[in-house]
Amino acid sequence: MTRSNTPWRPLTTAKIDWTSDNSPHSCLFDDVYYSPENGLEESEYVYLQGSNIPQRWASHPHPSFCVAEAGFGTGLNFLLTWKMWKNQGKPRPHLHYISIEKHPLRLDDMRRALAGWPALNEYSAALLGAYPEPIPGQHRIVLEDGAVILDLWLQDIEQAIEDLASYGGDIVDAWYLDGFAPDRNPEMWTERLFGCMAIASRNNASFATFTAAGHVRRGLTRAGFQVSKSPGFGHKRENMYGRLTDKSAMPPRRRTITPWDLSGDTPPQPQAVVIIGAGVAGCTVAAALAKRDIRVHVVESGRVASAGSGNDQGVLYTRLSQKHSPLSDFSLQSFTFAHRFYQRLLSSGVLQQGVDGEICGSFHQSDNLEELAAMNLLLQSVPDLARVLSADQANELLGIRQLSGGYWYPHSGWMRPSSICHALLERPNIRVTENAGKVQLAKTDRGWAVKSENQVLDEADCVVIAAGTESGLIADLGWLPLQAIRGQTSTLATTEKFSELRAALCHRGYISPARQGNHCIGATFDLRDDDTNIRAVDHRRNLDTLASAVPDWQAALADIDEHQMKGRVGYRCASPDYLPLVGPVPDRTLFLQNYAALRKNARQIISSPGNFIPGLYLTTGHGSRGLTSTPLAAEILASIICNEPVPLSRELYRAISPARFIIRDLRRNKV
Ligand SMILES: Cc1cc2nc3c(=O)[nH]c(=O)nc-3n(C[C@H](O)[C@H](O)[C@H](O)COP(=O)(O)OP(=O)(O)OC[C@H]3O[C@@H](n4cnc5c(N)ncnc54)[C@H](O)[C@@H]3O)c2cc1C
Ligand SMILES: C[S@@+](CC[C@H](N)C(=O)[O-])C[C@H]1O[C@@H](n2cnc3c(N)ncnc32)[C@H](O)[C@@H]1O
């Protein structure tokens, strides 16, 4: 299950031939994506009618209905399901659609294929606008203001289905099996797939498929599905559909990891949640929960975005690596999600271009020539993710002269964190209490009392702590290994020279195109420094660092009197492994008891699930990249709280779990 240390490379995209009637045909599998004569009607018949979808939506007992598909292809089944959802009257559950795909179509092939379905134009346009690059891993696409979620798992079915099943079940309501024909694409029709389907299914989950192949029928039956046949569409003889009647038919699986990250309990989706802290971490979670029709109360000790999230400009960073690691995988996954997230806010006018942020691209200097050469080859097929540029090529895009080669990220840019926070809190079901002082939590019979110094501000059965560097001061979380890192930014008034900069430049510091006449440049990075005063010497450090990155500006920057400069001091909240802490809060005492054996044998597999404090969740430790990591972190947390599938491999889910530090310390025999 672990991908760490394996080589990172973009996926091989689908190789398409176009038939005489302009239908896609796969060269890799020598098969058609759908019937050239009547693909749309056939998909509707086999999958939507075969799964009895509209009737089930009308009486679905959960807030969200989950379809999982093997083989996304052109997205036709997804678009049809989405359209049907839209046409279904309210009340209807939210639609969660997971689709697994190893060879995604290139965007131009997608566009050409979907142009063949004018009835789906409105939906195709939205999908094409959010369609990801062929980057391995999970891509969450949020549609219909969150009421429709598409999770694309771009990877081999075998890995993906194991990961999905490893979360322990009760996820999927309807399966669409749409690999190529079983004799041409046997990997999509394995016993292992059927077994994992049964594990990941909710009770009575359905399946539908175009094939009636005997071994598929037998495999599904063995996995516990009751299989029926129906007449095939058009000239085809038969297809299959059915329900999971016996979830226990599969023998229990041998555990390969200790499931310390999963809880044994599934509390119902809460109706109301209190969030402590109104920085980007808290505000993104507030919006993600509010979209799920949950009442949210954000309680902030000061003003919204007044601590770490108070800078005027920050850059959207990511991290590339030739090898998979939880750090680079999460960084990449959260970056592509953050780009879509901010792009949507900017293009819908919720945020104003140039004032609240700008996806203008960013260039990151690098002097690691060996890595640049290797990444240059790897990035050829994903130019919208990143490109390796020489200094001259970079200067063309930046509009200034600097001396280094490096990485160009066209989907990056700068954002103003406080604008994001304020915009996200503007929803009718979000209430904000500012200046509440240092809020504390007390356990009650019903859940939590949220207390300021002398009054109870609210009571809730679910609380999210998003208090940045101060998260460890709440609810006995002093054991969290969080570190506050001082950073000072400097406000640089723009000039004719500086305003030539057209995109963000990241060197040992960063500078973006000016916002309202000023560039916010930075930032210093000082551990164990609790001086909150602005220091002229730190402004000089910021100016000199910039000067060494852009020698043409040296004289102009040297002329600036740092004593007259304005700026800001903030604290980044960092974790020892540089990954954020996102997930349920562990009951440390019970963890130490239940997993004590790890002290003696770090590799031992212990079968008990983790014990978590009921109704208490955390999102913090976003370090120097909170603009990138918090939108995805918020989706993950909202999905956990609402019992929805998370858009993460299990490896990444564990890598960001706050409980990981207890397990790490037990394994090192340190606690
Ligand atoms: C100098 C500097 C430069 C940076 N540059 C970038 C950049 O270019 N790109 C980037 O992506 N990131 C950057 N970052 C990091 C980014 O700003 C942070 O990751 C992000 O702001 C963290 O958000 P947060 O919501 O977790 O924390 P915060 O914004 O600190 O929010 C936590 C909130 O909780 C409140 N709070 C704390 N305790 C309590 C309590 N007991 N009760 C009630 N409320 C409480 C605080 O008042 C605060 O408002 C930078 C950070 C700094 C300091
Ligand atoms: C028949 S097409 C799917 C058609 C699709 N549902 C649609 O609406 O266009 C089958 C898909 O399965 C994908 N596929 C084949 N082998 C795979 C594997 N091992 N893992 C994941 N996807 C695979 C193919 O790339 C292809 O896109």
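**View 1. Asp156 and its neighbours reach ligand 2 in this predicted model.** Here a polar side-chain atom of Asp156 sits 3.2 Å from a nitrogen atom of ligand 2. Next along the chain, Ile157 uses its backbone: one of its polar backbone atoms is 2.9 Å from a nitrogen atom of the ligand. Thr74 deals with an oxygen atom of ligand 2 instead, placing a polar side-chain atom 2.6 Å from that oxygen. On its own, ligand 2 would expose 600 Å², and the protein buries 99% of that.

**View 2. A shell of 22 residues lies around ligand 2.** Which residues come nearest to ligand 2? They are Gly71, Thr74, Glu101, Ile157 and Asp178. Sort the shell by residue type and you get seven nonpolar, nine polar and six charged residues.

**View 3. The largest nonpolar core takes in 106 residues.** Trp175, Ile275, Leu289, Tyr342, Leu379 and Leu385 are the members that touch the most others in this core. Helix H10, spanning residues 326-347, chips in with 10 residues, the largest share of the core.

**View 4. Leu289 and the residues it touches.** Leaving aside anything up to four places away in sequence, Leu289 is in contact with Val273, Ile275, Ile294 and Val296. Leu289 also touches Ala638, Ile641 and Cys642, from much higher up in the numbering. Ile275 turns up again here, having already been listed with Leu289 among the core residues that touch the most other members.

**View 5. Another core lies apart from the largest one.** This one has 45 residues, including Ala113, Tyr123, Leu154 and Ala174.

Key
Residues are numbered from 1 along each chain as its sequence is written. Chains are lettered from A and ligands numbered from 1 in the order in which they are written. This is a predicted model: local features need pLDDT of at least 70, side-chain atom pairs count only at pLDDT 80 or more; totals for chains, interfaces and linings use all residues. Side-chain values use heavy atoms; hydrogens and water are left out. A residue is near a molecule or strand if one of its heavy atoms lies within 4 Å of it. A polar contact is a pair of N or O atoms within 3.5 Å; within protein, one must be able to donate a hydrogen and the other to accept it, and residues adjacent in sequence count only if both atoms are side-chain atoms. Accessible areas come from the Shrake-Rupley method with a 1.4 Å probe; for residues, only the protein chains shown count as cover. Ala, Val, Leu, Ile, Met, Phe, Trp, Tyr, Cys and Pro count as nonpolar, Asp, Glu, Lys and Arg as charged, and the others, Gly among them, as polar. A nonpolar core is a set of buried Ala, Val, Leu, Ile, Met, Phe, Trp, Tyr and Cys residues joined through side-chain atoms within 4.5 Å. Buried means under 20% relative accessible area, exposed over 50%, partly exposed in between (1.4 Å probe, protein chains only). Helices (H or I, at least four residues) and strands (E, at least two) are DSSP runs, numbered from the N terminus. Contact means heavy atoms within 4.5 Å.
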